[in-house]
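Reader: I am in my first year and still learning to read structures like this one. Please choose a single part, look at it closely with me, and then show me how it fits into its surroundings.

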Amino acid sequence: MNKRHFLLSLTLLLSLSLMTACGGGNSSQGGAGGGGADPAQLIIATGGTGGTYFPLGGGMADHITKNAGITATAQATGASAENIRLLRDKKADIAFTQNDIAEYASKGTNMFQQDGKIDSFQALGALYDETIQIVVSADSNIKSVADLKDKRVSVGAPGSGTEVNAQQILEAYGMTFEDTKLQRLSFADSAKAIQDGQLDAAFQTAGTPTAAITELAATTGVKIIPIDADKIDAIIAKYPYYVKTTVPANTYQTVPEEVTTVSVKSMLLIRSDLSEGLVYKVTKAIFENSDKLGHAKAKEIKLENVKNGVSIPVHPGAQKYFDEKGVK
């Protein structure tokens with residue numbers, strides 16, 4: 001009996017040791033949802049190397065590494081929609097996206113219909129405007145969105161954020177794609193088609209000034225079509241991720257007046273299972289060094305605007321930092 005008791009005690013001790021070993025990870029860094037430990041390093045999903053997201057992400061990675069006590073690395077990607085899927089699959093920890101794309105992912109709509117709802121991310125904060133610009137040639141007789149009826153209109157590449165933006169703006173004017181002679185072209189192809197007289201108008205969602213529009217203004221001349229104030233109010237009421245925007249006068253050489261339109265926001269997302277403490281330090285590192293990110297767009301990143309156009313929940317770690325700074 002003594003031998004039997006000894007063996008039972010030994011078995012129990014071994015079992016307890018194994019349980020302690022398996023559960024003895026870095027619990028102080030556990031995720032906000034009570035999941036496993038925070039990663040040893042952070043991957044920031046950005047965009048193409050020739051765009052804005054990639055260099056901004058590189059600057060953010062440097063400041064996170066220096067100030068948040070964890071190594072961060074920027075990774076080139078296919079941008080908004082792909083980045084959200086990378087967060088879902090835990091192949092990235094922080095991601096750049098448009099705020100409207102984040103909304104679609106959270107609801108499983110538009111380009112995320114096949115994915116279904118994705119709920120593995122939360123907001124880290126809005127960055128700068130990505131403006132919906134409706135471009136026509138300088139000598140066009142199109143003066144209003146209503147004038148796009150029966151015109152040759154490009155709404156961006158199939159499945160793009162621009163395509164959905166165009167659909168929602170036309171909707172505010174009681175129109176659908178069927179009311180136009182629809183084309184789905186990249187903006188580079190749209191600009192060439194406008195220059196060649198083969199296209200009447202093109203939607204483009206991008207930070208201003210947009211290089212392709214600047215080039216088109218220099219060759220053919222352009223106008224940017226405004227959106228009426230009452231229609232802007234209606235768009236924002238239905239789709240709260242939009243914000244009212246003014247394209248300043250002389251942003252493009254053939255557009256001497258300011259133009260009122262709407263923008264979506266570029267924003268940062270973060271995995272919702274990362275700990276509050278880590279996300280607080282990451283948020284602080286980014287927004288206290290936004291003027292040192294080494295890109296012209298960085299000057300538009302303002303702490304007071306960090307919640308503008310954000311329609312999804314903010315991570316508790318980011319919210320803690322914003323509360324400390326009095327951001328409403």
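Author: Let us begin with a rule for rings: two rings of Phe, Tyr or Trp (for Trp, its six-membered ring) form a pair if their centres lie within 6.5 Å, and the pair is called stacked when the planes are under 30 degrees apart, edge-to-face when they are over 60 degrees apart, and tilted otherwise. By this rule the count comes to eight aromatic pairs in what is, it should be said at once, a predicted model. One of them joins phenylalanine 287 and phenylalanine 322, whose ring centres are 6.0 Å apart and whose planes make an angle of 75°, an edge-to-face arrangement. This pair links distant parts of the chain, since phenylalanine 287 belongs to helix α9 and phenylalanine 322 to helix α10, 35 residues apart. Both residues can be called buried, for which the relative accessible area must be under 20%: phenylalanine 287 has 7%, and phenylalanine 322 has 1%.

Phenylalanine 322 leads us to its helix, α10, which runs over residues 316–324 and has Gly317, Ala318, Tyr321 and Phe322 as its buried residues. These four lie on the same side of α10, because they cover an arc of only 135° around its axis. The cover over them includes strand β4 and helix α9, residues 276–287. A charge and a ring also meet in this model at lysine 320, whose charged end sits over the ring of tyrosine 280, 5.0 Å from the ring centre. After α10 comes glycine 326, with a positive phi near 75°.

The part I would like to examine most closely is helix α4, for which a view of the whole chain is a useful background. The chain has 10 helices and 10 strands, and 47% of its 328 residues count as buried. Its accessible surface comes to about 15,300 Å², and carbon and sulfur atoms account for 51% of that area. If we take the contacts between residues at least 6 apart in sequence, 75% of them join residues at least 24 apart.

Against that background, helix α4, which spans residues 99–107, is largely enclosed by the rest of the structure, because seven of its nine residues are buried. The seven are Asn99, Asp100, Ile101, Ala102, Glu103, Tyr104 and Ala105. They pack against two other helices, α3 (80–88) and α5 (161–172), and against the strands β3 (94–98), β4 (121–137) and β10 (259–271). Tyr104, one of these buried residues, also takes part in a cluster in which ring pairs link it with Tyr239, Tyr241 and Tyr242.

It helps to look at what comes before and after this helix. Glutamine 98 has its place in strand β3 and, at 10% relative accessibility, counts as buried. Its side chain makes a polar contact of 3.0 Å with the side chain of aspartate 100, which is among the buried residues of α4. Setting aside residues up to four places away in sequence, glutamine 98 touches Tyr53, Ser80, Glu130, Gly161, Asn165, Thr205, Val264, Lys265, Ser266 and Met267. Just after α4, glycine 108 takes a positive phi of about 70°, and asparagine 110 lies in the loop between α4 and β4. Asparagine 110 counts as partly exposed, with a relative accessibility of 30%. Apart from residues up to four places away, asparagine 110 touches Tyr104 and Val164, and its C-alpha lies 9.3 Å from that of glycine 161, although 51 residues separate the two in sequence.

One last residue is worth following. Threonine 245 sits in strand β9, residues 243–247, and counts as buried at 7% relative accessibility. Its side chain makes a polar contact with the side chain of serine 263 at 2.6 Å, and another with the side chain of aspartate 129 at 3.4 Å. Beyond its neighbours within four places in sequence, threonine 245 is in contact with Asp129, Thr131, Val259, Thr260, Thr261, Val262 and Ser263.

Technical notes:
Residues numbered from 1 in each chain as written. Predicted model: local features only at pLDDT ≥ 70, side-chain atom pairs only at ≥ 80, totals over all residues. Heavy atoms only, no water. Buried < 20%, exposed > 50% of the residue type's maximum accessible area, 1.4 Å probe, protein only. Contact = heavy atoms within 4.5 Å. Polar contact = N/O pair within 3.5 Å; in protein donor to acceptor, adjacent residues only side chain to side chain. Arc of directions from axis to C-beta. Areas by Shrake-Rupley, 256 points an atom, 1.4 Å probe, with all protein chains shown as cover. Lys NZ or Arg CZ within 6 Å of the ring centre and 35° of its normal.
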